[in-house]
Amino acid sequence: LLASFLACFAPPKAIVRAEEEEAPARTVTNSNSETSDTGTRVYAWGQRAALPVSTASGDSAPDEDLRRPTEFAWFRRFSEKHNCLWQQLAFGPSFGAARSNSGKLFVWGSYRKVDGTRFFVEPTALIFEIGGEDTRFVDVQCSESGVWGLTSAGQVVVWERVHARIAEVAPPQSSQAPRRMVGGRGVTGLDRPVVRMSIGVSHAAFITEDGEVFCLGSNRCGECGADPAVQGAASACRRVQFPRHCNPIARISCGRSHTVAIGAEGQVLAWGDDSKIQLGLGDTRSNLGDERPWTGSRGFQNLMRTGESMAPNSALRGGPDSPSFGRAPSTSSKKYGEFQVHCQWRPTLMMDIPLEFERQVHGIPYPPPDDIECGDDFTLLLARDSPDWFPPEELSQRLFCCGENGRGQCGRTLQSSQQTLSAVRLPKNSRLLGVSCGSSHCLSLLRRVGARKRELWVWGSNDRCQAAGPNSGVVCPSARLRLPVDARPEAVWCGFAASGVICSRKAVKEESAA
(Lines give C-alpha, C1' and ligand atoms only; values in the text may rest on other atoms or scores of the structure.)
Protein backbone atom coordinates (compact mmCIF):
# COMPACT_ATOMS: atom_id res chain seq x y z
CA LEU A 1 0.00 0.00 0.00
CA LEU A 2 2.81 2.39 0.83
CA ALA A 3 4.50 1.71 -2.52
CA SER A 4 1.25 2.38 -4.36
CA PHE A 5 0.78 5.62 -2.45
CA LEU A 6 4.32 6.84 -3.27
CA ALA A 7 3.90 5.91 -6.93
CA CYS A 8 1.11 8.50 -7.21
CA PHE A 9 3.65 11.29 -6.64
CA ALA A 10 6.22 9.97 -9.12
CA PRO A 11 6.87 12.05 -12.28
CA PRO A 12 4.94 10.85 -15.32
CA LYS A 13 8.11 9.90 -17.22
CA ALA A 14 11.63 9.09 -16.10
CA ILE A 15 14.44 8.78 -18.57
CA VAL A 16 16.69 5.88 -17.70
CA ARG A 17 20.02 5.40 -19.43
CA ALA A 18 20.44 1.86 -20.67
CA GLU A 19 23.50 -0.07 -19.57
CA GLU A 20 26.23 -0.41 -22.14
CA GLU A 21 27.33 -3.74 -23.49
CA GLU A 22 30.50 -5.36 -22.27
CA ALA A 23 31.97 -5.74 -25.76
CA PRO A 24 34.55 -3.11 -26.71
CA ALA A 25 32.61 -2.00 -29.76
CA ARG A 26 28.95 -2.00 -30.69
CA THR A 27 27.56 -2.74 -34.12
CA VAL A 28 25.43 0.17 -35.28
CA THR A 29 22.57 -0.53 -37.65
CA ASN A 30 22.11 2.46 -39.93
CA SER A 31 19.02 3.47 -41.84
CA ASN A 32 18.53 5.48 -45.01
CA SER A 33 15.62 7.35 -43.50
CA GLU A 34 16.25 11.09 -43.28
CA THR A 35 14.61 11.21 -39.85
CA SER A 36 16.51 8.29 -38.35
CA ASP A 37 19.01 8.86 -35.55
CA THR A 38 21.14 5.75 -35.79
CA GLY A 39 24.18 6.97 -37.74
CA THR A 40 27.58 7.18 -36.11
CA ARG A 41 28.32 10.61 -34.72
CA VAL A 42 31.50 12.66 -34.71
CA TYR A 43 32.25 15.18 -31.98
CA ALA A 44 35.20 17.53 -32.39
CA TRP A 45 36.70 20.54 -30.66
CA GLY A 46 39.87 22.61 -30.59
CA GLN A 47 41.44 24.74 -33.30
CA ARG A 48 38.60 25.92 -35.51
CA ALA A 49 40.64 25.91 -38.75
CA ALA A 50 40.85 22.09 -38.68
CA LEU A 51 37.21 21.35 -37.78
CA PRO A 52 34.86 19.63 -40.28
CA VAL A 53 32.26 22.40 -40.58
CA SER A 54 29.41 21.89 -43.07
CA THR A 55 27.05 24.85 -43.30
CA ALA A 56 24.87 22.89 -45.74
CA SER A 57 24.24 20.31 -42.99
CA GLY A 58 23.29 22.97 -40.45
CA ASP A 59 26.67 23.57 -38.78
CA SER A 60 27.45 27.15 -37.91
CA ALA A 61 30.92 28.38 -38.80
CA PRO A 62 32.72 28.99 -35.50
CA ASP A 63 34.12 32.46 -34.85
CA GLU A 64 36.64 31.09 -32.35
CA ASP A 65 38.14 27.81 -31.25
CA LEU A 66 35.60 25.34 -29.87
CA ARG A 67 36.00 24.74 -26.15
CA ARG A 68 33.48 21.92 -25.76
CA PRO A 69 32.80 18.76 -27.84
CA THR A 70 30.43 19.68 -30.65
CA GLU A 71 28.67 17.30 -33.00
CA PHE A 72 29.11 17.89 -36.73
CA ALA A 73 25.96 16.80 -38.50
CA TRP A 74 27.54 15.93 -41.86
CA PHE A 75 28.98 12.67 -40.55
CA ARG A 76 25.69 11.40 -39.14
CA ARG A 77 23.76 12.29 -42.28
CA PHE A 78 26.32 10.65 -44.54
CA SER A 79 26.38 7.55 -42.34
CA GLU A 80 22.60 7.20 -42.47
CA LYS A 81 22.37 7.87 -46.20
CA HIS A 82 25.14 5.48 -47.30
CA ASN A 83 24.74 2.89 -44.53
CA CYS A 84 28.35 3.11 -43.33
CA LEU A 85 30.28 3.62 -40.10
CA TRP A 86 33.14 5.98 -39.32
CA GLN A 87 36.32 4.31 -38.13
CA GLN A 88 39.07 6.92 -38.10
CA LEU A 89 39.73 10.67 -37.90
CA ALA A 90 42.90 12.62 -38.58
CA PHE A 91 43.63 16.31 -38.05
CA GLY A 92 46.18 18.62 -39.64
CA PRO A 93 46.87 22.31 -38.94
CA SER A 94 44.00 23.59 -41.13
CA PHE A 95 42.53 20.42 -42.62
CA GLY A 96 41.50 16.91 -41.65
CA ALA A 97 40.55 13.51 -43.01
CA ALA A 98 38.23 10.63 -42.12
CA ARG A 99 37.92 6.96 -43.09
CA SER A 100 34.74 4.89 -43.28
CA ASN A 101 34.39 1.15 -42.77
CA SER A 102 34.10 0.74 -46.54
CA GLY A 103 37.67 2.03 -46.93
CA LYS A 104 36.75 5.41 -48.43
CA LEU A 105 38.59 8.60 -47.49
CA PHE A 106 37.16 12.08 -47.03
CA VAL A 107 38.95 15.37 -46.54
CA TRP A 108 37.90 18.79 -45.27
CA GLY A 109 39.59 22.06 -44.41
CA SER A 110 39.44 25.83 -44.33
CA TYR A 111 41.34 28.76 -45.77
CA ARG A 112 41.45 32.50 -45.25
CA LYS A 113 39.87 34.63 -47.95
CA VAL A 114 41.15 37.97 -49.22
CA ASP A 115 38.83 39.92 -46.95
CA GLY A 116 40.26 38.12 -43.91
CA THR A 117 37.28 35.82 -43.22
CA ARG A 118 37.74 32.07 -42.99
CA PHE A 119 35.88 29.85 -45.46
CA PHE A 120 35.13 26.25 -44.42
CA VAL A 121 34.97 23.41 -46.94
CA GLU A 122 32.81 20.50 -45.84
CA PRO A 123 34.07 16.88 -46.10
CA THR A 124 34.45 15.68 -49.67
CA ALA A 125 35.74 12.47 -51.24
CA LEU A 126 39.50 11.97 -51.46
CA ILE A 127 40.29 9.92 -54.59
CA PHE A 128 43.54 8.20 -55.55
CA GLU A 129 43.86 9.08 -59.22
CA ILE A 130 45.88 6.01 -60.27
CA GLY A 131 43.99 3.44 -58.22
CA GLY A 132 40.54 4.86 -58.90
CA GLU A 133 37.47 4.99 -56.71
CA ASP A 134 37.62 1.27 -55.90
CA THR A 135 40.82 1.65 -53.85
CA ARG A 136 40.20 0.57 -50.27
CA PHE A 137 42.17 2.24 -47.46
CA VAL A 138 42.88 0.79 -44.02
CA ASP A 139 44.61 3.82 -42.46
CA VAL A 140 44.75 7.59 -42.89
CA GLN A 141 46.95 10.15 -41.10
CA CYS A 142 47.91 13.80 -41.53
CA SER A 143 51.29 15.47 -41.59
CA GLU A 144 52.04 19.18 -41.54
CA SER A 145 50.95 19.69 -45.15
CA GLY A 146 49.62 16.40 -46.51
CA VAL A 147 47.27 13.45 -46.07
CA TRP A 148 48.73 9.93 -46.06
CA GLY A 149 46.73 6.80 -46.77
CA LEU A 150 47.54 3.08 -46.56
CA THR A 151 45.68 0.81 -48.97
CA SER A 152 44.57 -2.74 -48.23
CA ALA A 153 47.24 -3.93 -50.69
CA GLY A 154 50.00 -2.33 -48.60
CA GLN A 155 50.66 0.72 -50.79
CA VAL A 156 51.29 4.13 -49.21
CA VAL A 157 49.65 7.09 -50.95
CA VAL A 158 50.26 10.75 -50.13
CA TRP A 159 48.31 13.84 -51.17
CA GLU A 160 50.67 16.80 -50.87
CA ARG A 161 49.91 20.48 -50.18
CA VAL A 162 46.39 19.72 -49.03
CA HIS A 163 46.19 23.03 -47.17
CA ALA A 164 46.57 24.82 -50.55
CA ARG A 165 44.35 22.45 -52.53
CA ILE A 166 41.40 23.00 -50.20
CA ALA A 167 40.73 26.31 -51.95
CA GLU A 168 40.71 24.56 -55.34
CA VAL A 169 37.88 22.16 -54.43
CA ALA A 170 35.83 24.81 -52.62
CA PRO A 171 32.41 25.51 -54.19
CA PRO A 172 31.46 29.01 -55.39
CA GLN A 173 28.83 29.21 -52.65
CA SER A 174 28.78 27.67 -49.19
CA SER A 175 25.40 26.02 -49.86
CA GLN A 176 26.84 23.92 -52.70
CA ALA A 177 28.81 20.68 -52.37
CA PRO A 178 32.59 20.87 -52.93
CA ARG A 179 34.34 19.05 -55.73
CA ARG A 180 36.19 15.82 -55.08
CA MET A 181 39.92 16.03 -54.42
CA VAL A 182 41.57 13.78 -56.99
CA GLY A 183 45.30 13.09 -57.06
CA GLY A 184 47.85 11.47 -54.81
CA ARG A 185 51.06 9.62 -55.58
CA GLY A 186 52.39 6.31 -54.39
CA VAL A 187 55.47 6.24 -52.15
CA THR A 188 58.29 4.31 -53.80
CA GLY A 189 61.39 2.64 -52.39
CA LEU A 190 59.58 0.04 -50.26
CA ASP A 191 60.59 -3.56 -50.96
CA ARG A 192 57.44 -5.19 -49.58
CA PRO A 193 53.85 -4.19 -48.79
CA VAL A 194 53.40 -1.97 -45.75
CA VAL A 195 51.32 -3.28 -42.84
CA ARG A 196 51.61 -0.29 -40.48
CA MET A 197 52.61 3.36 -40.79
CA SER A 198 53.08 6.37 -38.54
CA ILE A 199 53.12 9.94 -39.81
CA GLY A 200 54.83 12.70 -37.86
CA VAL A 201 54.91 16.41 -38.49
CA SER A 202 57.69 16.27 -41.07
CA HIS A 203 58.77 12.61 -41.29
CA ALA A 204 57.12 9.21 -41.63
CA ALA A 205 57.90 5.60 -40.71
CA PHE A 206 56.60 2.39 -42.30
CA ILE A 207 56.68 -1.26 -41.20
CA THR A 208 56.68 -3.78 -44.04
CA GLU A 209 55.21 -7.27 -43.86
CA ASP A 210 58.62 -8.77 -43.02
CA GLY A 211 59.06 -6.43 -40.01
CA GLU A 212 61.55 -4.01 -41.56
CA VAL A 213 61.28 -0.27 -40.85
CA PHE A 214 61.68 2.45 -43.48
CA CYS A 215 61.76 6.17 -42.73
CA LEU A 216 61.18 9.14 -45.00
CA GLY A 217 61.36 12.91 -44.53
CA SER A 218 63.24 15.30 -42.29
CA ASN A 219 66.35 14.00 -40.50
CA ARG A 220 67.62 17.12 -38.76
CA CYS A 221 67.81 15.27 -35.41
CA GLY A 222 68.38 11.76 -36.73
CA GLU A 223 64.72 10.75 -36.59
CA CYS A 224 65.09 8.78 -39.84
CA GLY A 225 67.93 6.67 -38.46
CA ALA A 226 70.76 8.44 -40.34
CA ASP A 227 73.55 10.71 -39.15
CA PRO A 228 72.10 14.25 -39.42
CA ALA A 229 75.58 15.68 -39.99
CA VAL A 230 75.81 13.62 -43.19
CA GLN A 231 72.19 13.40 -44.33
CA GLY A 232 69.85 16.20 -43.27
CA ALA A 233 66.80 14.63 -44.89
CA ALA A 234 65.75 11.26 -46.27
CA SER A 235 64.40 12.10 -49.72
CA ALA A 236 63.73 8.39 -50.38
CA CYS A 237 62.64 5.60 -48.07
CA ARG A 238 65.59 4.54 -45.95
CA ARG A 239 65.80 1.25 -44.07
CA VAL A 240 66.62 1.60 -40.37
CA GLN A 241 69.20 -0.71 -38.83
CA PHE A 242 68.29 -2.19 -35.42
CA PRO A 243 70.31 -4.10 -32.82
CA ARG A 244 70.23 -7.88 -32.83
CA HIS A 245 67.06 -9.74 -31.81
CA CYS A 246 64.86 -6.67 -32.37
CA ASN A 247 63.45 -7.59 -35.77
CA PRO A 248 60.71 -7.95 -36.77
CA ILE A 249 59.42 -4.62 -35.46
CA ALA A 250 55.88 -4.78 -34.12
CA ARG A 251 54.86 -1.13 -33.63
CA ILE A 252 56.19 2.32 -34.42
CA SER A 253 55.23 5.92 -33.69
CA CYS A 254 56.59 9.28 -34.85
CA GLY A 255 56.81 12.56 -32.96
CA ARG A 256 57.95 15.88 -34.34
CA SER A 257 61.65 14.99 -34.35
CA HIS A 258 61.88 11.54 -32.75
CA THR A 259 60.73 7.98 -33.46
CA VAL A 260 59.89 5.11 -31.09
CA ALA A 261 59.44 1.42 -31.94
CA ILE A 262 58.65 -1.87 -30.17
CA GLY A 263 60.79 -4.86 -31.12
CA ALA A 264 59.96 -8.53 -31.51
CA GLU A 265 60.79 -9.38 -27.90
CA GLY A 266 59.19 -6.31 -26.35
CA GLN A 267 62.24 -4.06 -26.55
CA VAL A 268 61.43 -0.34 -26.79
CA LEU A 269 63.83 1.56 -29.04
CA ALA A 270 63.96 5.29 -29.65
CA TRP A 271 66.01 7.62 -31.81
CA GLY A 272 66.01 11.27 -32.83
CA ASP A 273 65.76 14.40 -30.72
CA ASP A 274 66.46 13.92 -27.00
CA SER A 275 66.60 17.56 -25.91
CA LYS A 276 63.40 17.13 -23.85
CA ILE A 277 64.40 13.61 -22.61
CA GLN A 278 61.58 12.19 -24.76
CA LEU A 279 63.62 9.13 -25.80
CA GLY A 280 63.19 7.51 -22.38
CA LEU A 281 66.93 7.18 -21.77
CA GLY A 282 66.71 8.73 -18.30
CA ASP A 283 67.60 12.28 -17.28
CA THR A 284 70.21 12.99 -19.94
CA ARG A 285 70.18 16.75 -19.34
CA SER A 286 73.13 16.26 -16.97
CA ASN A 287 75.85 13.67 -16.57
CA LEU A 288 75.12 13.68 -12.84
CA GLY A 289 72.16 12.32 -10.94
CA ASP A 290 69.19 14.15 -9.52
CA GLU A 291 70.06 15.69 -6.14
CA ARG A 292 66.73 17.33 -5.42
CA PRO A 293 65.58 14.59 -3.00
CA TRP A 294 68.57 15.42 -0.75
CA THR A 295 68.65 19.23 -0.97
CA GLY A 296 66.50 22.08 0.33
CA SER A 297 63.30 21.53 2.26
CA ARG A 298 62.73 18.21 0.51
CA GLY A 299 66.13 17.01 1.70
CA PHE A 300 65.46 18.23 5.24
CA GLN A 301 62.14 16.37 5.39
CA ASN A 302 63.88 13.26 4.10
CA LEU A 303 66.54 13.71 6.81
CA MET A 304 63.95 13.98 9.59
CA ARG A 305 61.96 11.00 8.28
CA THR A 306 64.73 8.55 7.38
CA GLY A 307 67.90 9.99 8.90
CA GLU A 308 69.61 10.07 5.50
CA SER A 309 72.07 12.99 5.31
CA MET A 310 71.45 15.94 3.05
CA ALA A 311 73.64 16.74 0.05
CA PRO A 312 75.93 19.68 0.88
CA ASN A 313 76.22 22.86 -1.10
CA SER A 314 78.47 22.68 -4.14
CA ALA A 315 80.88 25.19 -2.54
CA LEU A 316 81.53 22.79 0.35
CA ARG A 317 82.20 19.71 -1.75
CA GLY A 318 85.54 18.00 -1.51
CA GLY A 319 85.50 17.04 -5.15
CA PRO A 320 84.15 14.02 -6.99
CA ASP A 321 86.63 11.71 -5.23
CA SER A 322 85.43 12.61 -1.76
CA PRO A 323 83.63 9.59 -0.21
CA SER A 324 81.01 11.63 1.66
CA PHE A 325 80.73 14.75 -0.48
CA GLY A 326 80.41 13.15 -3.91
CA ARG A 327 77.50 13.97 -6.14
CA ALA A 328 74.61 11.64 -6.84
CA PRO A 329 75.43 9.04 -9.50
CA SER A 330 73.93 9.35 -12.95
CA THR A 331 70.81 7.30 -13.66
CA SER A 332 70.67 7.82 -17.44
CA SER A 333 71.75 5.23 -20.00
CA LYS A 334 73.38 7.84 -22.27
CA LYS A 335 75.68 10.79 -21.61
CA TYR A 336 76.30 13.88 -23.74
CA GLY A 337 79.35 16.11 -23.91
CA GLU A 338 79.33 19.72 -22.84
CA PHE A 339 78.65 21.04 -26.35
CA GLN A 340 77.21 17.88 -27.86
CA VAL A 341 73.79 17.92 -29.49
CA HIS A 342 71.26 15.91 -27.49
CA CYS A 343 70.11 13.47 -30.14
CA GLN A 344 70.53 9.79 -31.00
CA TRP A 345 70.41 8.81 -34.64
CA ARG A 346 70.94 5.10 -33.92
CA PRO A 347 68.00 3.18 -32.37
CA THR A 348 68.74 3.01 -28.64
CA LEU A 349 67.07 0.84 -26.00
CA MET A 350 64.85 2.69 -23.55
CA MET A 351 65.33 2.26 -19.83
CA ASP A 352 62.96 -0.04 -17.96
CA ILE A 353 59.73 1.49 -16.72
CA PRO A 354 60.31 2.59 -13.11
CA LEU A 355 58.12 0.98 -10.48
CA GLU A 356 55.22 2.89 -9.02
CA PHE A 357 54.83 3.05 -5.23
CA GLU A 358 52.56 0.02 -4.90
CA ARG A 359 55.05 -2.16 -6.81
CA GLN A 360 58.19 -1.01 -5.03
CA VAL A 361 57.50 -3.19 -1.98
CA HIS A 362 57.38 -6.38 -4.03
CA GLY A 363 59.79 -5.30 -6.79
CA ILE A 364 57.58 -6.70 -9.56
CA PRO A 365 58.67 -5.16 -12.89
CA TYR A 366 56.23 -4.04 -15.54
CA PRO A 367 55.92 -6.23 -18.63
CA PRO A 368 56.97 -4.88 -22.04
CA PRO A 369 54.58 -2.17 -23.29
CA ASP A 370 51.69 -3.15 -25.52
CA ASP A 371 51.49 0.12 -27.45
CA ILE A 372 53.27 3.43 -27.95
CA GLU A 373 52.17 6.93 -28.93
CA CYS A 374 54.19 10.09 -29.54
CA GLY A 375 53.41 13.78 -29.37
CA ASP A 376 55.67 16.52 -30.64
CA ASP A 377 58.25 16.13 -27.87
CA PHE A 378 56.92 13.47 -25.49
CA THR A 379 56.34 9.71 -25.56
CA LEU A 380 53.61 7.49 -24.10
CA LEU A 381 53.98 3.81 -23.22
CA LEU A 382 50.99 1.58 -22.48
CA ALA A 383 51.83 -1.36 -20.18
CA ARG A 384 49.79 -4.04 -18.43
CA ASP A 385 49.33 -3.43 -14.70
CA SER A 386 47.33 -6.47 -13.58
CA PRO A 387 49.00 -9.91 -13.15
CA ASP A 388 49.14 -12.00 -16.29
CA TRP A 389 46.97 -14.72 -14.75
CA PHE A 390 44.01 -12.33 -14.35
CA PRO A 391 41.12 -13.04 -16.75
CA PRO A 392 40.62 -10.63 -19.68
CA GLU A 393 37.65 -8.92 -18.04
CA GLU A 394 39.88 -7.94 -15.10
CA LEU A 395 42.77 -6.68 -17.22
CA SER A 396 44.07 -3.26 -16.13
CA GLN A 397 46.71 -1.07 -17.76
CA ARG A 398 48.81 1.97 -16.94
CA LEU A 399 50.06 4.77 -19.14
CA PHE A 400 53.61 6.12 -18.72
CA CYS A 401 54.98 9.32 -20.21
CA CYS A 402 58.38 10.97 -20.61
CA GLY A 403 59.52 14.17 -22.29
CA GLU A 404 58.38 17.76 -22.32
CA ASN A 405 55.95 18.70 -19.56
CA GLY A 406 55.85 22.49 -19.73
CA ARG A 407 52.19 22.36 -20.78
CA GLY A 408 51.17 19.31 -18.81
CA GLN A 409 51.76 16.83 -21.64
CA CYS A 410 52.78 14.11 -19.17
CA GLY A 411 49.45 14.40 -17.29
CA ARG A 412 50.91 13.91 -13.81
CA THR A 413 52.16 17.14 -12.25
CA LEU A 414 53.73 20.45 -13.27
CA GLN A 415 56.59 20.24 -10.79
CA SER A 416 59.17 19.61 -13.54
CA SER A 417 59.34 21.06 -17.04
CA GLN A 418 60.70 17.77 -18.42
CA GLN A 419 59.91 14.39 -16.95
CA THR A 420 61.43 10.93 -17.03
CA LEU A 421 59.11 7.93 -17.37
CA SER A 422 56.28 8.25 -14.84
CA ALA A 423 52.66 7.14 -14.76
CA VAL A 424 49.92 9.43 -16.04
CA ARG A 425 47.34 10.19 -13.36
CA LEU A 426 44.38 8.21 -14.66
CA PRO A 427 41.87 6.09 -12.72
CA LYS A 428 43.53 2.96 -11.38
CA ASN A 429 42.20 -0.51 -12.21
CA SER A 430 41.10 0.63 -15.64
CA ARG A 431 41.65 -0.64 -19.17
CA LEU A 432 42.55 1.80 -21.92
CA LEU A 433 40.48 1.27 -25.05
CA GLY A 434 42.29 3.98 -26.97
CA VAL A 435 44.78 6.82 -26.60
CA SER A 436 45.85 9.51 -29.05
CA CYS A 437 48.32 12.40 -28.95
CA GLY A 438 48.27 15.83 -30.54
CA SER A 439 51.13 18.28 -30.60
CA SER A 440 50.93 19.02 -26.88
CA HIS A 441 47.81 17.28 -25.56
CA CYS A 442 46.41 13.75 -25.19
CA LEU A 443 43.01 12.09 -25.17
CA SER A 444 42.23 8.62 -23.83
CA LEU A 445 39.22 6.31 -23.73
CA LEU A 446 39.07 3.89 -20.80
CA ARG A 447 36.77 1.59 -18.88
CA ARG A 448 37.19 0.77 -15.20
CA VAL A 449 37.42 -2.86 -14.19
CA GLY A 450 33.99 -4.15 -13.21
CA ALA A 451 32.17 -1.27 -14.93
CA ARG A 452 30.53 -0.99 -18.32
CA LYS A 453 30.64 2.74 -18.74
CA ARG A 454 33.31 4.27 -20.96
CA GLU A 455 35.08 7.46 -19.89
CA LEU A 456 37.03 10.14 -21.73
CA TRP A 457 40.10 11.67 -20.05
CA VAL A 458 42.14 14.53 -21.46
CA TRP A 459 45.28 16.41 -20.42
CA GLY A 460 47.87 18.80 -21.80
CA SER A 461 47.88 22.22 -23.43
CA ASN A 462 44.59 24.05 -23.83
CA ASP A 463 45.79 27.16 -25.66
CA ARG A 464 43.56 26.31 -28.67
CA CYS A 465 40.85 24.67 -26.52
CA GLN A 466 42.02 21.23 -27.67
CA ALA A 467 41.87 19.86 -24.10
CA ALA A 468 38.31 21.19 -23.57
CA GLY A 469 39.28 22.83 -20.30
CA PRO A 470 37.41 25.75 -18.70
CA ASN A 471 40.31 28.13 -19.41
CA SER A 472 43.00 28.60 -22.04
CA GLY A 473 45.88 27.41 -19.90
CA VAL A 474 46.89 23.87 -19.02
CA VAL A 475 44.91 20.77 -18.06
CA CYS A 476 47.13 18.80 -15.68
CA PRO A 477 46.66 16.31 -14.14
CA SER A 478 44.21 14.59 -16.45
CA ALA A 479 40.55 15.55 -16.25
CA ARG A 480 37.42 13.72 -17.26
CA LEU A 481 35.55 14.93 -20.32
CA ARG A 482 31.80 14.38 -20.59
CA LEU A 483 29.70 13.89 -23.72
CA PRO A 484 25.92 14.03 -24.16
CA VAL A 485 24.09 11.24 -22.36
CA ASP A 486 23.05 9.49 -25.58
CA ALA A 487 26.59 9.36 -27.05
CA ARG A 488 28.71 6.24 -26.55
CA PRO A 489 32.39 6.87 -27.43
CA GLU A 490 33.95 4.28 -29.72
CA ALA A 491 37.34 5.79 -30.63
CA VAL A 492 39.39 8.92 -29.91
CA TRP A 493 41.69 10.84 -32.24
CA CYS A 494 43.97 13.85 -31.84
CA GLY A 495 46.13 15.84 -34.20
CA PHE A 496 48.05 19.09 -33.87
CA ALA A 497 45.63 21.31 -31.88
CA ALA A 498 42.31 19.52 -32.52
CA SER A 499 40.54 16.52 -31.00
CA GLY A 500 37.70 14.26 -32.09
CA VAL A 501 35.59 11.35 -30.87
CA ILE A 502 33.60 8.83 -32.92
CA CYS A 503 30.42 7.86 -31.09
CA SER A 504 27.52 5.54 -31.59
CA ARG A 505 24.05 6.22 -30.28
CA LYS A 506 23.43 4.93 -26.81
CA ALA A 507 20.04 3.35 -26.19
CA VAL A 508 17.75 5.48 -24.03
CA LYS A 509 14.45 4.08 -22.82
CA GLU A 510 11.52 5.81 -21.23
CA GLU A 511 9.67 4.29 -18.31
CA SER A 512 6.12 5.24 -17.55
CA ALA A 513 5.12 5.48 -13.93
CA ALA A 514 2.90 2.75 -12.66
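**Exercise 1. Classify Arg480, then find its salt-bridge partner and place both residues.**

Step 1. Arg480 has 29% relative accessibility, so Arg480 counts as partly exposed. The scale runs as follows: buried is under 20% relative accessible area, exposed is over 50%, and partly exposed is in between (1.4 Å probe, protein chains only).

Step 2. The partner is Glu455, with the closest N and O atoms 3.9 Å apart. The criterion for a salt bridge is a side-chain nitrogen of Lys or Arg within 4 Å of a carboxyl oxygen of Asp or Glu.

Step 3. Glu455 sits in strand β27 (residues 454-461) and Arg480 in strand β28 (residues 474-481), so the pair links distant parts of the chain, 25 residues apart. Strands (E, at least two residues) and helices (H or I, at least four) are DSSP runs, numbered from the N terminus.

Two notes on the model. It is predicted: local features need pLDDT of at least 70, side-chain atom pairs count only at pLDDT 80 or more, and totals for chains, interfaces and linings use all residues. Residues are numbered from 1 along each chain as its sequence is written, and side-chain values use heavy atoms, with hydrogens and water left out.

**Exercise 2. Find the salt bridge between Glu455 and Arg448, and classify both residues.**

Step 1. The side chains of Glu455 and Arg448 meet at 2.9 Å, N to O.

Step 2. Glu455 is buried, at 7% relative accessibility.

Step 3. Arg448 is partly exposed, at 33% relative accessible area.

**Exercise 3. Explain what the Glu133 salt bridge ties together.**

Step 1. Glu133 pairs with Arg180, their closest N and O atoms being 2.3 Å apart.

Step 2. Glu133 lies in the loop between β7 and β8 (137-142), and Arg180 in the loop between α3 (162-169) and β11 (181-183), so the pair ties together parts 47 residues apart in sequence.

Step 3. Glu133 is partly exposed at 45% relative accessibility. Arg180 is partly exposed too, at 43%.

**Exercise 4. Count the salt bridges and name a network.**

Step 1. The structure holds 18 salt bridges.

Step 2. Arg192, Glu209 and Asp210 are linked in a network of them.

**Exercise 5. Describe the packing of helix α2.**

Step 1. In α2 (residues 73-82), the buried residues are Trp74, Phe75, Arg76, Phe78, Ser79 and Glu80.

Step 2. These buried residues pack against β2 (41-46), β3 (66-71), β4 (86-91), β5 (95-100), β6 (105-112) and β7 (118-128). Contact means heavy atoms within 4.5 Å.

Step 3. Just after α2, Asn83 takes a positive phi of about 55°.
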